[in-house]
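Me: I've got a structure open and I'd like to learn how to read it feature by feature. Can you walk me through it?

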Amino acid sequence: QVRLVESGGGLVQAGGSLRLSCAASGSIFSINAMGWYRQVPGKEREFVATFTNDGKTNYADSVKGRFAISRDNAENTVFLQMNSLKPEDTAVYYCNAVHRYTTDWGQGTQVTVSS
């Protein structure tokens, strides 16, 4: 119902920054919130941050103070500014769009942080 396309991943040294983008298309008016999750091979997908339609944000404890989620409603895009990156931030980052009862996911973008 909603197509989500992530971009902006790549390779960065520890302490560096990356900015991820997620563009939504389709039935965008049914979206209540957008957010980011990440997943490392062999581990469960992990919550990173969300941005609700009323402007509230929420972050995982592991990224508070380092990551910032923002949303451009006119462009139907959500961003994740990642600063002070650590090797443990290495993962595939997935964008999601939360509807009343369902959630859509993007294909993911790889973020690799070297020591």
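Reply: Sure, and keep in mind that this is a predicted model. Let's start with β8: five of its six residues are buried, so the strand is largely enclosed by the rest of the structure.

Me: Which strands form the open sheet, and in what order?

Reply: The general idea comes before the case. Strands of a sheet pair through backbone hydrogen bonds, either parallel or antiparallel. Here, four strands make an open sheet, ordered β1-β3-β8-β7, with antiparallel pairing. β1 and β7 are the edge strands, each pairing on one side only. From one strand to the next, the twist averages 15°.

Me: How many bridges join β7 to β8?

Reply: Six bridges, and the two strands run antiparallel. To find the register, look for residues that face each other: the bridge partner of I69 is L80 in β8. On the other side, β8 pairs with β3, antiparallel and over six bridges, and there L18 stands opposite M82 of β8. β3 also pairs with β1 in the antiparallel sense, over six bridges, with V5 standing opposite A23 of β3.

Me: Now the interior. Which residues have the most contacts inside the largest nonpolar core?

Reply: In soluble globular proteins, nonpolar side chains tend to be buried together. In this model the largest nonpolar core has 29 residues, and M34, W36, L80, M82 and Y93 have the most contacts inside it. At least two core residues come from each of β1 (2-7), β3 (18-26), β4 (33-39), β5 (46-52), β7 (67-72), β8 (77-82), β9 (91-98) and β11 (109-114).

Me: What does L80 touch, if I ignore residues up to four places away in sequence?

Reply: Click on it and you should find L18, R19, L20, W36, V48, A49, F67, A68, I69 and Y93. You've already met I69, the bridge partner of L80. W36 and Y93 are also on the list of core residues with the most contacts.

Me: And S70, is that buried or partly exposed?

Reply: S70 is found in strand β7. S70 has a relative accessible area of 29%, so it counts as partly exposed. Leaving aside neighbours within four places in sequence, S70 is in contact with F51, T77, V78 and F79. For a sense of scale, 27 Å separates the C-alpha atoms of S70 and P41, which are 29 residues apart along the chain.

Me: What about aromatic rings? How many aromatic pairs does a search of the whole structure find?

Reply: It finds two. To read a pair, check the distance between ring centres and then the angle between planes. Y37 and F47 have ring centres 5.6 Å apart and planes at 75°; over 60 degrees counts as edge-to-face, so that is what we call this pair. Y37 is in strand β4 and F47 in strand β5, 10 residues apart, and the pair links distant parts of the chain. Y37 is partly exposed, at 21% relative accessibility, and F47 is partly exposed too, at 23%.

Me: Which residue is in the other pair with Y37?

Reply: That's W105: the pair is edge-to-face, 5.1 Å centre to centre with 75° between the planes. This one also links distant parts of the chain, with Y37 in strand β4 and W105 in strand β10 (residues 103-105), 68 residues apart. W105 is partly exposed, with a relative accessible area of 34%. Put together, Y37, F47 and W105 form one aromatic cluster.

Me: Which ring does the charged end of R19 sit over?

Reply: The ring of F79, 3.9 Å from its centre. There's another case to look at: R45 lies over the face of Y94, at 3.8 Å from the ring centre.

Me: Last one, backbone angles. What is phi of S84 near?

Reply: Most residues other than glycine have a negative phi, and most peptide bonds are trans. S84 has a positive phi, near 50°, and is not a glycine. Find S84 in the loop between β8 and β9, where it counts as partly exposed at 42% relative accessibility. For another positive phi, go to the hairpin of β7 and β8, which has four residues between the strands: N76 there has phi near 55°.

How values were computed. Residues numbered from 1 in each chain as written. Predicted model: local features only at pLDDT ≥ 70, side-chain atom pairs only at ≥ 80, totals over all residues. Heavy atoms only, no water. Core = buried A, V, L, I, M, F, W, Y, C linked by side-chain atoms within 4.5 Å. Buried < 20%, exposed > 50% of the residue type's maximum accessible area, 1.4 Å probe, protein only. Contact = heavy atoms within 4.5 Å. Pairing = 2+ DSSP bridges. Axes fitted to C-alpha atoms, helices over the stretch in contact; angles between N-to-C directions. Phe/Tyr/Trp six-rings, centres within 6.5 Å; stacked < 30°, edge-to-face > 60°. Lys NZ or Arg CZ within 6 Å of the ring centre and 35° of its normal.
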